[in-house]
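Reader: Hello! Could you take me through one part of this protein up close, and tell me what is buried there and what is exposed?

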Amino acid sequence: MMLEDFFYERLTKLRMTKGVSQREMSLAMGQSEGYMTKIESRVSLPSMTVFFYICEYFGISPREFFDDEVKNPALLQQAIDGLKTLSDDDLALILGNIKRLQEK
């Protein structure tokens, strides 16, 4: 898949996962109502500055944006942030649960 195709598809998936419309996202980022529509319909590409705003909007890094193995990077980041606050014993319990769930 070409990088541009990936970009447009990833942006759409992330927006839909967040549960917001193109219009809502455009306005939340301080853009015109149809800004995200133009981007997702492949009429234009965002500037690098806007790309960073897009990542900030989703609560992810540019690296996470391009990591297509993670379906919901913002949710994963929230889990990681929560895990950082746990004790070693609690982390071991969580890891055990993850392994159990992966066996299913």
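Author: Gladly; here is a close look at one helix and its surroundings. Please keep in mind that this is a predicted model.

Let's start with helix H4, which covers residues 48–58. Its buried residues are Val50, Phe51, Ile54, Cys55, Tyr57 and Phe58. If you look down the axis of H4, these buried residues fall within an arc of 160°, so they line one face of the helix. Turn to the face pointing away from that buried side, and you meet the exposed residues Met48 and Glu56.

What do the buried residues of H4 pack against? Their partners are five helices: H1 (3–18), H2 (22–28), H3 (35–40), H5 (62–66) and H6 (73–83).

Now for the two ends of the helix. Ahead of H4, the loop that joins H3 to H4 holds serine 44. Serine 44 has 26% relative accessibility and therefore counts as partly exposed, because that class lies between buried, under 20%, and exposed, over 50%. Leaving aside residues up to four places away in sequence, serine 44 touches Tyr8, Lys38 and Ile39. On the other side, H4 is followed by glycine 59, which has a positive phi, near 75°.

For a contrast with that buried face, have a look at helix H7 (residues 88–102), where isoleucine 98 lies. Together with Ile94 and Leu95, Ile98 forms a nonpolar patch on the surface, and the three have about 230 Å² of accessible area together. Isoleucine 98 itself counts as partly exposed, because its relative accessibility is 39%.

Conventions. Residues are numbered from 1 along each chain as its sequence is written. This is a predicted model: local features need pLDDT of at least 70, side-chain atom pairs count only at pLDDT 80 or more; totals for chains, interfaces and linings use all residues. Side-chain values use heavy atoms; hydrogens and water are left out. Patches are made of residues with over 30% relative accessible area and no salt bridge: like charges are joined within 9 Å, nonpolar side chains (Val, Leu, Ile, Met, Phe, Trp, Tyr) within 5 Å. Accessible areas come from the Shrake-Rupley method with a 1.4 Å probe; for residues, only the protein chains shown count as cover. A salt bridge is a side-chain nitrogen of Lys or Arg within 4 Å of a carboxyl oxygen of Asp or Glu. Helices (H or I, at least four residues) and strands (E, at least two) are DSSP runs, numbered from the N terminus. Buried means under 20% relative accessible area, exposed over 50%, partly exposed in between (1.4 Å probe, protein chains only). The arc is that of the directions from the helix axis to the C-beta atoms. Contact means heavy atoms within 4.5 Å.
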